[in-house]
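Me: I should like to learn how to read the features of a structural model. May we work through one example together?

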Amino acid sequence: MIEVSCLCAAWCDTCTEDRPGFLALAPKFPAAKFRWIDIEDEADEVGDLEVENFPTVRVTRDGQVLFHGTLLPIHAHLERLLEELVPKPGK
């Protein structure tokens, strides 16, 4: 299972503005589960994950990290990354 998580914070204006576009990518990648994780509200789940800046995107496959880092909130950049990491349906 591929999981695409955005690690953000409710107080972050950039995160708030980015959220709709991030979640809008989900239908383009049905093989992936998209998650919006507030690092403060879900601190137990975030644990020791490094978040240097917002938004931080983490892509995993069966628990293995494929990507973890800060991305500019330009959805075309994330879409391009996911095109490389998420298998197309039927493949």
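The dialogue below takes up the sheet, the helices, the salt bridges and the cysteines in turn.

Me: What should be known about the model before its features are read?

Reply: This is a predicted model, in which local features need pLDDT of at least 70 and side-chain atom pairs count only at pLDDT 80 or more, while totals for chains, interfaces and linings use all residues. Residues are numbered from 1 along each chain as its sequence is written, and side-chain values use heavy atoms, with hydrogens and water left out.

Me: In what order do the strands of the sheet lie?

Reply: Strands of a sheet pair through backbone hydrogen bonds, either parallel or antiparallel. Here, helices (H or I, at least four residues) and strands (E, at least two) are DSSP runs numbered from the N terminus, and two strands pair if DSSP finds at least two bridges between them. In this model, 4 strands form an open sheet with mixed pairing, in the order β2-β1-β3-β4. The edge strands, each pairing on one side only, are β2 (32–38) and β4 (64–70). From one strand to the next, the twist averages 15°; axes are lines fitted to C-alpha atoms, for helices over the stretch in contact, and angles run from 0 to 180 degrees between N-to-C directions.

Me: How many bridges join β1 and β3?

Reply: Strand β1 (residues 2–8) pairs with strand β3 (residues 56–61) in the antiparallel sense over 6 bridges. E3 stands opposite T60 in β3. T60 has a relative accessible area of 13% and is therefore buried, where buried means under 20% relative accessible area, exposed over 50%, and partly exposed in between (1.4 Å probe, protein chains only). Leaving aside neighbours within four places in sequence, T60 is in contact (heavy atoms within 4.5 Å) with M1, I2, E3, V65 and L66.

Me: Which strands do helices α1 and α3 lie across?

Reply: Helix α1 (residues 13–24) lies across β1 and β2 and runs at about 165° to β2. Helix α3 (residues 75–85) lies across β1, β2, β3 and β4, at about 15° to β3.

Me: Which residues of α1 are buried?

Reply: They are C15, D18, G21 and F22. Seen down the axis of α1, these buried residues fall within an arc of 130°, so they line one face of the helix; the arc is that of the directions from the helix axis to the C-beta atoms. The buried residues of α1 pack against β1, β2 and α3, whereas D13, E17 and P20 are exposed on the other side of α1.

Me: How many salt bridges does the structure hold?

Reply: A salt bridge is a side-chain nitrogen of Lys or Arg within 4 Å of a carboxyl oxygen of Asp or Glu. The structure holds 4 salt bridges. In one of them, R35 meets E3, with the closest N and O atoms 3.2 Å apart. This pair links distant parts of the chain, since R35 is in strand β2 and E3 in strand β1, 32 residues apart.

Me: Which residues of helix α3 are linked in a network?

Reply: R80, E83 and E84 are linked in a network of salt bridges. The N to O distance is 3.9 Å for R80 and E83, and 2.6 Å for E84 and R80. Because R80 and E83 are 3 residues apart in helix α3, about one helical turn separates them.

Me: How many disulfides are found?

Reply: A disulfide is a covalent bond between the sulfur atoms of two cysteines. With a disulfide taken as a pair of cysteine sulfur atoms within 2.5 Å, a search of the whole structure finds 0 disulfides. For C12, the nearest cysteine sulfur is that of C15, 3.2 Å away.
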